[in-house]
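Q: I have a structure open and would like to talk it through. Could we start with how its helices are arranged?

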Amino acid sequence: MFSKASFNKLTAMVLAIAITLTGCDSKVGEEPPPAASQEFAGTQCLSEAKPVVKAFLEGTAKAQELENSWDCVSSVVEKFKRYVRGRTADRYTVQELATFLETNFLNNSKDQKEKLKISPALQAEFMKIKQIFIGGGQEYITRAEIDKLIVLFKNLRQITVGLNPYMKVISLNWTPSGNKNIESDIRYFEEANQELQNGARHLAASIEANGIAYKLSDFAAFTAELSSFFDEGWEFPSSIEKYMPVIKKVKKALAGGDEDLITTSEWRRFLNLGARGYVQYLRYFYFIQSVPETGSGYRLSYLARTVEDVLSVFQDLVAEKPEGVVSRSEVFELLSTLQVVFPDLKVSDALVLEFMKIKQLFFGGSVESFTSADFGTARLKVSRIKILVERFMPYYSIYGGEWDPSFYDSQESQKLFMESQFVLESTVREAGVLFEGAYDLKDLEKLFAEIERLYPPGGSSFAATIEKYMDLAVTAKNLVFASNDSSLRKSEWSVLLGFAARFYSDYLYYDYFLKDQSFERPLTLSYFSVLVNQSLNILRDLLNTKVDGPEINRAQINNLYAKLMAVDLVPKLTNQAVDQVVGVALNNILVTPEQRIGGYKPNALTVSSLEVVREEAQVWLDTELFILGLSENWHAEEGLKAKELITVLQKALKDEAATAYLIKGLSELLLSVNSPVPMTVDQEGRLIISKFEFPYTRKSLRQQNINRGLTRILLRSFVNENSRIISYSGAILSEVETAFVTLKPILVELKLIEESNTGFASARFREANMFAPHADGNTLASYTEISDLVGMIFSGFKLNSLLKIDLVAKCTKAPVDAKTTVTIGCARDSYRQTMPTIMTATPEYLDFMKKVSKDQWAIYMENVFKSAGYIPNNQQLVRLEDISLAPHVMQYIEMVFLRFDRNRDGIISVSDAEGAFPVFRGVLRELAADQLKDGTLKEEDLWALFTFILRYGKPPETIWEKARFLSWRNKVIPWDVRADRIQLSLILGFIADAVAKTAAIEKAKQPNPNLTPSGYPPWLQAP
């Protein structure tokens, strides 16, 4: 910015201003004699002072040289006063002074080509500066003022000699020695700080004594004239002009008075502000900006010190300001002025108001102003914040999402993360204590809305996101603190921030240890177990914190779910369905069987509810961990045969290290595995139904654990005798129907069943008792029967999803939904083409497919479709929804053959039927209930009825059929039973037709009959 020549000129100008005058033997007002004879005696030392001035500004001057230079200047001024006279005896005009300076200092070089002239404008600005230091007028300097000048030099000598040891720091030429001597560096810097403030105070005292005001705009004019005088392209005059509006606003805001005028009483505050403000910049430059990462602790310390000093400056200045406050309007004016300097800065009165609300939260006071007390409050918090940040800093990479746990072994990474969790929660809880009062959460909407109005976002709107989730946040806040507004009070901040930290830690735990990780790794699952327990602990503590008691009642949960629906975080359901599901969860699933059976209905989420969740989750997790550990080194198709697995499970149950949760899980798993038919699945999750025994792979075992867990929850939630729960003997039909009635609204909402379906529960109950591997045909749906059925349903859903892809591609071009229809013929053809690649888990079924003719296939599939829900019609159209359960029906048929076709010939003979009869006796008894009641049939006739149905595909209905049955019962007709898969489909199809007819009759009785099919699957519903 300065060339060497311009620096020398400036140095000369400074010296000239300092001594104001120096001269030669002649009077100033006379025409000067030739230059050769114009040397002013005693001024040679001034030439020696020039490099001293430069060295002083660079921080390299020696104390003795500096003192000698001031002595020289004082001596020259004394000689000037003694020997030089102006045209008026006791004073000198501005022009006389200018002529003298031009002659003796500015144009005394023989090599100088152009003569420098001090313009009238620059002369005027010189005299304004002269005024503030020694008083007087702007046209003259008197001999009495020269005496004041000598006194000023003495003061300046004292100030500069005091500053000299620290000028390297002040002039940005110092380099701290580093961490090894940091304490010495800090001590040295603070000494410089004190000396700079002392100098500002002494200089202010010298100026205040003269009682002269000075305009800030005059200083800008002075620097501009000075730049023009030296004909240099200096940057600082334009910078001063650019920033002067801001300086004026800051001066007015913090010192008061006229923004352009520094009055006598304001000099001390103004210079103090400048000195202390500059020290903060120096502190940032040396100890924050320039400190390497390894010195972050020192950086933090000095950042805290800087903030505290800045607040102290503001506190002192505002305290001395006549008005005693910095008003919101002054803040707005200041920021508005900054817009001129920084065009990208945009501000509004509304934005300032919202920031003042934030200020009120942290500093206290009013939203209308800053007071000295506000800054004092903030200062007191700096050291506490520093302590909190120091505690926080060692883990900042974890909190910032930049940590990599793979750099540590599993135990060490867990230990480090748990430490960070504790530190984060304790830190933010303590930080919450520092807040000064309440804050309306809805003001965040206003704040970010105004920010985005001024600074339109390029992408998604954060303000819109806040607005979207605000109602949910307020609801959650009111739930915890039993309030009904959107304000967070002082006492609530610590609690809120503590829980926010814990939730955030859970998110980080998921992100670091679970996200994108395989849940087939035991270590990952153990991490998931930690997360589950941590989350439950948070909810438990949240309940215990609730102001109105440790529970969230049903109405509150309904309301919370409604808010979650509004932001699309949960499925949209009707209020009735939500209330029904919440009621089932609170009063059935989340209470212990003993409490439920005893009549306990909390209608609320309680701490004990969470412990039920914890227990059930831990049973599943411990069992899953056992499975993963057992199969850790298996390849995909490797596993254990049923007998081998039973042995392994029995041994594990005797292990003393087994937890109570694991014992429960393995005991239930053992019940399911000890089965007539292994419930193994392939890698796609399809149930393997085959005469060949396949091993329990990892996939099969994990599916069994899911089946086990769901069945356990169902029985614990709805069975009304604890002995049947403990013994796993299961549920009776009325309990299953009660569960269905309770859950039906949500099942309808999720489109799993239709509103008209009233036989769903009885159908599932019979299926479990007839088609599950453990089916025994009794009046109970046992634990093992339900577990088998759950597994078969999962498999059926998988098969349907695979079959549906080709079905939709071949049979319809319209957008697909639940009501989409296709022709029955296209559906049959699609299934026949696709099944060989989809039904690979049922190899005997594929053999059957290869052997049947097209006509036989049509008969088989039409009856399967009817059993799944299809009602024949003249258009030969079927809804995709109505045949979606065809795979389930086919699985049931295959399970019958696998269990009872002993010679594996694909035929159920009389001898095979003997084994099946006990399983189907119950449904026969229901179908023939009227006949048994009126004596037409006897209990011992059910066996004959069973074989008759197997032979002819239906029970006797016509007179001729009934006569045939009498001969059959009496064995007049030889029993030639050879029921193949087609025959079983005919039987199921007949039952479906009968049910459909009965349902149609019942619907016709309704005022507005709903003629849609009854749903999944209706073929065993009671007439």
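**Helices, burial and salt bridges**

A: In this predicted model, helices α15 and α17 are roughly antiparallel to each other, because their angle is over 145 degrees.

Q: At what angle do the axes of α15 and α17 cross?

A: The two axes cross at roughly 165° and come within 10 Å. The crossing of α15 past α17 is left-handed.

Q: Which residues of α15 and α17 meet there?

A: On the α15 side they are Arg384, Leu388, Arg391 and Phe392. Their partners in α17 are Val423, Leu424, Ser426, Thr427, Glu430, Ala431 and Val433.

Q: What do the side chains of Arg391 and Glu430 form?

A: They form a salt bridge, with an N to O distance of 2.8 Å. Arg391 lies in α15 and Glu430 in α17, so this pair ties together parts that are 39 residues apart in sequence.

Q: Is Arg391 buried or exposed?

A: Arg391 is partly exposed, with a relative accessible area of 27%. Glu430 is also partly exposed, at 35% relative accessibility.

Q: How many salt bridges are there in the whole structure?

A: A search of the whole structure finds 52. One of them joins Arg698 and Glu520, whose closest N and O atoms are 3.5 Å apart. Arg698 belongs to helix α28, residues 698-718, and Glu520 to the loop between α20 and α21, so the pair ties together parts that are 178 residues apart in sequence.

Q: And is Arg698 buried or exposed?

A: Arg698 is buried, because its relative accessibility of 14% is under 20%. Its partner Glu520 counts as partly exposed at 38%.

Q: Where do Arg921 and Glu939 lie?

A: These two residues form a salt bridge, with their closest N and O atoms 3.7 Å apart. Arg921 lies in helix α38 (residues 910-927), while Glu939 lies in the loop between α39 and α40, so the pair ties together parts that are 18 residues apart in sequence. Arg921 is partly exposed at 28%, and Glu939 is partly exposed at 33%.

Q: Which residues are joined into one network by salt bridges that share partners?

A: The network consists of Glu615, Glu616, Lys664, Glu668, Arg708, Arg712 and Arg716.

Q: New topic: helix α21. How far apart are its end C-alpha atoms?

A: They are 35 Å apart. Helix α21 has 24 residues, from 522 to 545, and at 1.5 Å a residue it should span 34 Å, so the two values agree.

Q: Which residues of α21 are buried?

A: They are Thr524, Leu525, Tyr527, Ser529, Leu531, Val532, Asn533, Gln534, Leu536, Ile538, Leu542 and Leu543.

Q: Why would residues three or four places apart point the same way?

A: An α-helix has 3.6 residues a turn, so residues at that spacing point the same way.

Q: What covers the buried residues of α21?

A: The cover includes the helices α17, α19, α20 and α25. It also includes β9 (551-553) and β10 (604-606).

Q: Stepping back, how many helices and strands does the protein have?

A: The secondary structure comes to 42 helices and 16 strands.

Q: How much of the protein do buried residues make up?

A: Buried residues make up 49% of its 1023 residues.

Q: And what share of the contacts is between residues 24 or more positions apart?

A: Such residues account for 69% of the contacts with a separation of 6 or more.

Definitions and conventions:
Residues are numbered from 1 along each chain as its sequence is written. This is a predicted model: local features need pLDDT of at least 70, side-chain atom pairs count only at pLDDT 80 or more; totals for chains, interfaces and linings use all residues. Side-chain values use heavy atoms; hydrogens and water are left out. Helices (H or I, at least four residues) and strands (E, at least two) are DSSP runs, numbered from the N terminus. The expected span of a helix is 1.5 Å times one less than its number of residues. Buried means under 20% relative accessible area, exposed over 50%, partly exposed in between (1.4 Å probe, protein chains only). Contact means heavy atoms within 4.5 Å. A salt bridge is a side-chain nitrogen of Lys or Arg within 4 Å of a carboxyl oxygen of Asp or Glu. Axes are lines fitted to C-alpha atoms, for helices over the stretch in contact, and angles run from 0 to 180 degrees between N-to-C directions. Angles under 35 degrees count as roughly parallel, over 145 as roughly antiparallel, 65 to 115 as roughly perpendicular and the rest as oblique. A crossing is left-handed if the near helix is turned anticlockwise from the far one by less than a right angle, and right-handed if clockwise.
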